[in-house]
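Reader: Please show me the sequence and the model, and then we can go through the cavities, one helix, the cysteines and some loop residues.

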Amino acid sequence: MTSRLSTLMARGAAFLGSEHAILCGAMSWVSERHLVAAVSNAGAFGLIAAGAMPPALLDAEIAATKALTARPFGVNLITLHPQLDELIDVCGRNGVTHIVLAGGLPPAGAIERIKGIGAKLLCFAPALALAKKLIRSGVDALVIEGSEAGGHIGPVSTGVLAQEILPVVAADVPVFVAGGIGRGAAIASYLEMGAAGVQLGTRFACATESIAHPNFKKAFFRASARDAVASVQLDPRLPVIPVRALKNAGTEAFVAKQREVAAALDAGALDMAAAQLEIEHYWAGALRRAVIEGDVEQGSLMAGQSVGMVTREEPVAEIVATLIAEATEALERR
């Protein structure tokens with residue numbers, strides 16, 4: 001890594017305790033012990049996707065990851081999880097150094113609880129006002145993720161968010177930029193704009209160490225950027241966060257699922273929190289079908305628009321080395 005790139009990444013790398021300020025975004029079912037350990041061993045920073053895991057399962061996953069790497073890694077927790085407090089406690093008992101809270105603003109007490117176990121807290125900021133609010137609340141770092149990303153997305157593109165948020169808050173806390181990043185030149189650009197580092201998910205999803213089913217990987221290799229589409233919200237009363245995934249029959253099934261949940265909401269069979277949780281569980285199941293079972297028709301193929309740059313299976317160390325080389329070359333050209 002050149003001194004210019006090292007300098008630009010220094011703050012993010014120091015915050016993460018890794019060689020490179022590159023986070024591997026937490027992808028449910030994909031970001032488990034093998035991928036997480038491989039990412040951290042390659043000098044980047046892996047994140048376990050806790051998703052819908054119960055506390056005992058997360059406990060086992062952290063221990064299994066520690067058996068595969070001596071380097072730091074973090075845990076991504078979903079704010080909607082009904083056992084969030086217990087999951088934070090599990091992280092505390094295992095000495096997890098970094099926790100990412102995703103899926104909405106941290107619920108009451110979560111920030112204090114995470115601080116209490118001595119972990120650093122990263123949160124997603126989909127708008128400048130929220131970024132400022134989170135910093136006031138005491139978060140240690142922010143991830144700003146644009147709509148090009150895979151999985152749950154906000155409405156604004158990465159390039160716009162970076163321009164809006166970085167000049168205002170990058171001096172206060174480390175900010176990691178995510179969404180649609182597939183090459184090192186883009187990493188160099190965001191670092192020059194003031195980012196402390198970046199987060200990539202789609203680029204790592206089909207790594208050799210990823211346990212994703214061969215069918216899942218083949219779907220990525222065949223796809224282009226325009227195949228990764230955002231889900232449609234059917235009922236304005238049911239605030240469903242859009243999800244970006246490759247178009248397939250499962251995309252249509254989600255529309256039907258929303259109808260079913262909205263009807264249950266109408267009938268009083270579900271309250272709003274339960275309705276949202278049911279949608280989350282739907283995604284967890286649909287993802288499992290694609291990632292683990294290889295059902296690429298009915299399952300959910302969550303992917304960012306950078307999927308067109310994922311063309312073959314390669315080891316994580318090779319992906320990281322390529323990104324670093326590309327970023328270095330881009331900075332030298334400038």
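Reader: How much space lies in the largest cavity?

Author: This is a predicted model, in which local features need pLDDT of at least 70, side-chain atom pairs count only at pLDDT 80 or more, and totals for chains, interfaces and linings use all residues. Residues are numbered from 1 along each chain as its sequence is written, and side-chain values use heavy atoms, with hydrogens and water left out. A cavity is a set of points, on a 1 Å grid over the protein atoms alone, where a 1.4 Å probe fits but cannot get out; grid points are joined across faces, edges and corners, and a volume is the space filled by probe spheres set on the points. There are two cavities of 30 Å³ or more, and the space in the largest is about 100 Å³.

Reader: Which residues lining the largest cavity are the closest to its centre?

Author: Lining residues have an atom within 4 Å of a point. Strand E10 (228-230), strand E11 (243-246) and helix H11 (249-266) each supply at least two residues of this lining; helices (H or I, at least four residues) and strands (E, at least two) are DSSP runs, numbered from the N terminus. Of the 14 residues that line the largest cavity, the closest to its centre are Ala245, Gly250, Thr251, Trp283 and Ser300.

Reader: How many charged residues are in the lining of the second largest cavity?

Author: Ala, Val, Leu, Ile, Met, Phe, Trp, Tyr, Cys and Pro count as nonpolar, Asp, Glu, Lys and Arg as charged, and the others, Gly among them, as polar. The second largest cavity, with about 40 Å³ of space, is lined by Ile78, Leu80, Gly103, His152, Ile241 and Glu280. By class, this lining has three nonpolar residues, two polar and, as charged, one.

Reader: What arc do the buried residues of H13 cover around the axis?

Author: Buried means under 20% relative accessible area, exposed over 50%, and partly exposed in between (1.4 Å probe, protein chains only). The buried residues of H13 are Val316, Ile319, Val320, Leu323, Ile324, Ala327, Thr328, Ala330 and Leu331. They lie on the same side of H13 because their arc, taken from the directions from the helix axis to the C-beta atoms, is only 165 degrees.

Reader: Which exposed residues does the face of H13 turned away from its buried side carry?

Author: An α-helix has 3.6 residues a turn, so residues three or four places apart point the same way. On H13, the face turned away from the buried side carries the exposed residues Glu332 and Arg333.

Reader: Why is Cys123 not bonded to Cys91?

Author: A disulfide is a pair of cysteine sulfur atoms within 2.5 Å, and a search of the whole structure finds zero of them. Cys123 is buried, at 1% relative accessible area. The closest cysteine sulfur, in Cys91, is too far for a bond, because its separation from the sulfur of Cys123 is 13 Å.

Reader: How far apart in space are Ser210 and Trp29?

Author: Trp29 is in the loop between strand E1 (22-24) and helix H2 (33-41), and has a positive phi of about 70 degrees although it is not a glycine. Ser210 lies in the loop between helix H9 (202-205) and H10. Trp29 is partly exposed at 35% relative accessible area, whereas Ser210 is buried at 4%. They are 181 residues apart in sequence, and their C-alpha to C-alpha distance is 9.6 Å.

Note on methods. 1 Å grid on protein atoms, 1.4 Å probe; cavity = no way out; pocket = protein on both sides within 12 Å on 5 of 7 lines; lining within 4 Å.
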